[in-house]
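Here are my notes on this one, in the order I'd go through them at the screen. Have the sequence open beside the viewer while you read.

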Amino acid sequence: MTILCVRFQLPSTDEAALPALLGLLEDFTPVVEALPPDGALADLRGAERYFGRSAVELASVIRVRALALHGVDCVIGAGPGPMAARMALRGARPGVTCAVPEGGVREFLAEKPVVALPGVGTATARTLCEYGLDTLGRVAVAPLSTLQRLVGAKTGRELHDKANGVDRGRVVPNAVSRSLATERPFTRDELDPDRHRRALLSAAGELGARLRAVEKVCRTLTLTVRYADRSATTRSRTLGEPTAHSAALTRTAYGLYEALGLQRARVRAIALRAEALGPADQASHQLTFDPVDEKVRRIEEVADRVRAKFGPEAVKPGTLAA
């Protein structure tokens, strides 16, 4: 077991705390991949040899340090590869690391539902279940040709390998904050477009605040609308310039939503993802000479200082965008 998948139990989805926690992991290994908003993968192969301890023992040290230095508990899964570590995380709890032994990945996966495998979406899972392949154990013993016929050549090969415990994934270091995402679920299936737009306003406001907190700007915004029948529609748009400005993100989100042309759609949740992130200090900003826009930006600066001093709940997301 050389890979850890760590999920920090942050008091909120504020990612400003994540870089410091990633630094804690980097005290053990330089091979750390961030999984925003609250997780990371760490490859401990070198650390096991250097410290003379197993990955599970090092996980206990990481947990204690996170509590002592940052007041944050965490849950940790361990496995011989990234996939196994991610799957093990589902069975972990605070204080107990869930570990998948070397050579035991296939047995660990056998009883898991096929939808639990990372990368398997609802449409693929539905197709497999229609043919009785509802667990990873059944997928593992299914003929490769059958899987490829059902879900395609490439997907079938990957699914067959993963169900049999073959993990070709690796931990990609320095991949910090490649994207940020937030979701707004509805308490019931929502048909009202005005409520959809209010959810978009709130989500874009939160994304903008989180981007500014980690000093990032995004170049692409992706909207995902999830419906009552569990299907989903995803659309992306490249912004005119990289930004963390909540108003600009809101306008783009509204544009993506309007382009869908939804007619009385029963929406279960709306999600926004900011992608293609880059350092804010390297981004250019086209001056608009719009006094309203400049005023909103100044208000954002004040709100960000309030959040930094009193916490993320001090300013309600979405209240500054228009």
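1. Aromatic pairs first: the count comes to two. Keep in mind that this is a predicted model. One pair is F28 with F51, with the ring centres 5.7 Å apart and 50° between the planes, which makes it tilted. F28 sits in the loop between α1 and β2, while F51 belongs to helix α2 (residues 45-51), so this pair ties together parts that are 23 residues apart in sequence.

2. The other pair is Y50 with F51: here the centres are 5.0 Å apart and the planes make 85°, so it counts as edge-to-face. Taken together, F28, Y50 and F51 form one aromatic cluster. How buried or exposed is each ring residue? F28 has 9% relative accessibility, so it is buried, given the cut-off of under 20%. F51, at 36%, counts as partly exposed, and Y50 is exposed, with a relative accessible area of 69%.

3. Next, helix α1 (residues 18-26). Its buried residues are L18, L21, L22, L24 and L25. Looking down the axis of α1, you'll find them within an arc of 150°, so they line one face of the helix. As a reminder, an α-helix has 3.6 residues a turn, so residues three or four places apart point the same way. What do the buried residues of α1 pack against? The partners are β1, β2, β3 and α3 (55-70).

4. Now the sheet. It is open and has five strands in the order β2-β3-β1-β4-β5, with mixed pairing. The edges are taken by β2 (32-35) and β5 (98-99); each has a single partner strand, so one side of each is left without a neighbour in the sheet. Helix α4 (residues 82-89) packs on the sheet and touches β1, β2, β3, β4 (74-79) and β5, with its direction at about 140° to that of β4.

5. Strand β1 deserves a closer look. Residues 3-8 make up β1, and this strand pairs with β3 (residues 39-43) in the antiparallel sense over five bridges. On the other pairing, β1 and β4 also run antiparallel, joined by six bridges. R7 is a handy marker for both: this residue stands opposite G39 in β3 and opposite V75 in β4. I3, for its part, stands opposite D43 in β3. Five of the six residues of β1 are buried, so this strand is largely enclosed by the rest of the structure.

6. On to the nonpolar cores. The largest has 32 residues, and V114, L128, L136 and V139 are the ones that touch the most other members. At least two residues each come from β1, α4, α5 (105-109), α6 (122-130), α7 (136-141), α8 (144-151) and α9 (153-163). Which element gives the most to this core? That would be α4, with six residues.

7. If you want one residue to centre the view on, try V139. Ignoring neighbours within four places in sequence, V139 is in contact with V114, L133, L147, L159, H160 and A163. There is also a second, separate core of 28 residues, with L180, A203, L207 and A244 among them.

Key. Residues numbered from 1 in each chain as written. Predicted model: local features only at pLDDT ≥ 70, side-chain atom pairs only at ≥ 80, totals over all residues. Heavy atoms only, no water. Pairing = 2+ DSSP bridges. Helix = DSSP H or I, 4+ residues; strand = E, 2+ residues; numbered from the N terminus. Contact = heavy atoms within 4.5 Å. Axes fitted to C-alpha atoms, helices over the stretch in contact; angles between N-to-C directions. Core = buried A, V, L, I, M, F, W, Y, C linked by side-chain atoms within 4.5 Å. Buried < 20%, exposed > 50% of the residue type's maximum accessible area, 1.4 Å probe, protein only. Arc of directions from axis to C-beta. Phe/Tyr/Trp six-rings, centres within 6.5 Å; stacked < 30°, edge-to-face > 60°.
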